[in-house]
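Student: Please pick one part of this model and go through it closely. I would like to know what surrounds that part and how it connects with the rest.

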Amino acid sequence: LTLSRLEAGVVGHSEVFDLDELLAERVDDARFEAESRRIRVRFDAENGLQVRAVPELLHRAIENVLRNALRYSPDEGELRVAIHALPNQRCRISVQDQGPGVPESELEHIFEAFRRHAARGEGYGLGLAIARRVMHTVDGSIQAKNRPEGGLQVDLELPLFNG
């Protein structure tokens, strides 16, 4: 339903808010989920970065990326989340896991609806598709790449608000 609404252009009202605060709440939720598997969640945030977006939608996009990273993280592993300003009036949220990564041939497809990784077939394969659509509504982007040391990194970029 969320994906259908996004594709139809029904997105809600944009607000200006501190992105680090929204992200800190999502990271706290991820830490709670990670406890049972002893996954460490590290958070590095640049404070005071403001964006204009629909908070509920951005919340959903970030939550979907974090849950996906936790799903593929090994027990007793580490999940890293960071947010930093970029020089072009944009900011980047990076989520890095220590999971198996994604075959290179599949990387460009993981943001398509109903795509699921064979290793962990839970869910419907909509989380990353929703995240991509949300990022497009805020003139942002989302990309994934395999990390040289193993695992996947998902970067969400969006414009900063300049009052």
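Tutor: Contact here means that heavy atoms lie within 4.5 Å of each other. With that in hand, take a pair of helices as the way in. This is a predicted model, and in it Leu57, Leu58, Arg60, Ala61, Asn64, Val65 and Asn68 of helix 3 meet Gly127, Leu128, Ile130, Ala131, Val134 and Met135 of helix 4. The two axes come within 8 Å and cross at roughly 145 degrees, and the crossing is left-handed. On the helix 4 side, Leu128, Ala129, Ile130, Ala131, Val134 and Met135 are buried.

The part to look at closely is strand 5, but some background comes before it. The protein chain has four helices and seven strands. Read from the N terminus, the elements follow the pattern α-β-α-β-β-α-β-β-α-β-β. The chain has 163 residues, and 44% of them count as buried. Among contacts between residues at least 6 apart in sequence, 70% join residues at least 24 apart.

Now to strand 5 itself, which covers residues 90–96. Buried means under 20% relative accessible area. Six of the seven residues of strand 5 are buried, so the strand is largely enclosed by the rest of the structure.

Some of the surroundings come from the sheet. Five strands form an open sheet in the order 2-4-5-7-6, and the pairing is mixed. Strand 2 and strand 6 are the edge strands, each pairing on one side only. From one strand to the next the twist averages 15 degrees. In that order strand 5 stands between strand 4 and strand 7.

Take the strand 4 side. Strand 4 (residues 78–85) is antiparallel to strand 5, and six bridges join them. His84 stands opposite Arg92 in strand 5. The two strands form a hairpin with four residues between them. Gln89 belongs to this loop between strand 4 and strand 5. Its phi is positive, near 60 degrees, although Gln89 is not a glycine. Most residues other than glycine have a negative phi. Gln89 is partly exposed, because its relative accessible area is 42%.

On the strand 7 side, seven bridges join strand 5 to strand 7 (residues 152–159), and the pair is again antiparallel. Cys91 has Leu158 of strand 7 as its bridge partner. Strand 7 also pairs with strand 6, in the antiparallel sense, over six bridges. In that pair, Ala144 has Val154 of strand 7 as its bridge partner.

A helix also lies across these strands. Helix 2 lies across strand 2, strand 4, strand 5 and strand 7, and runs at about 170 degrees to strand 2.

One residue of the strand, Ile93, shows how these pieces come together. Setting aside neighbours within four places in sequence, Ile93 is in contact with Leu19, Leu23, Ile62, Ala82, Ile83, Val154, Asp155, Leu156 and Leu158. Leu19 and Leu23 fall in helix 2 (19–35), and Ile62 falls in helix 3 (55–72).

Ile93 is also part of the largest nonpolar core, which has 44 residues. Leu19, Leu58, Ile93 and Leu158 are the members that touch the most other members. Elements that give two or more residues to this core include helix 2, helix 3, helix 4, strand 4, strand 5 and strand 7. Helix 3 gives the most, with eight residues. This leads back to the opening pair of helices, where Leu58 of helix 3 was among the residues meeting helix 4.

A loop residue touches strand 5 as well. Leu49 is placed in the loop between strand 2 (40–45) and strand 3. Leu49 counts as buried because its relative accessibility is 7%. Not counting residues up to four places away in sequence, Leu49 touches Cys91 in addition to Phe17, Asp18, Leu19, Asp20, Ile83, His84, Ala85 and Leu160. Leu49 and Leu160 are 111 residues apart in sequence, yet their C-alpha atoms are 6.8 Å apart in space.

To put it together, strand 5 is largely enclosed, with antiparallel partners in strand 4 and strand 7. Helix 2 lies across strand 5, and Ile93 belongs to the largest nonpolar core.

Key:
Residues numbered from 1 in each chain as written. Predicted model: local features only at pLDDT ≥ 70, side-chain atom pairs only at ≥ 80, totals over all residues. Heavy atoms only, no water. Buried < 20%, exposed > 50% of the residue type's maximum accessible area, 1.4 Å probe, protein only. Pairing = 2+ DSSP bridges. Core = buried A, V, L, I, M, F, W, Y, C linked by side-chain atoms within 4.5 Å. Axes fitted to C-alpha atoms, helices over the stretch in contact; angles between N-to-C directions. Left-handed = near helix turned anticlockwise from the far one by under 90°.
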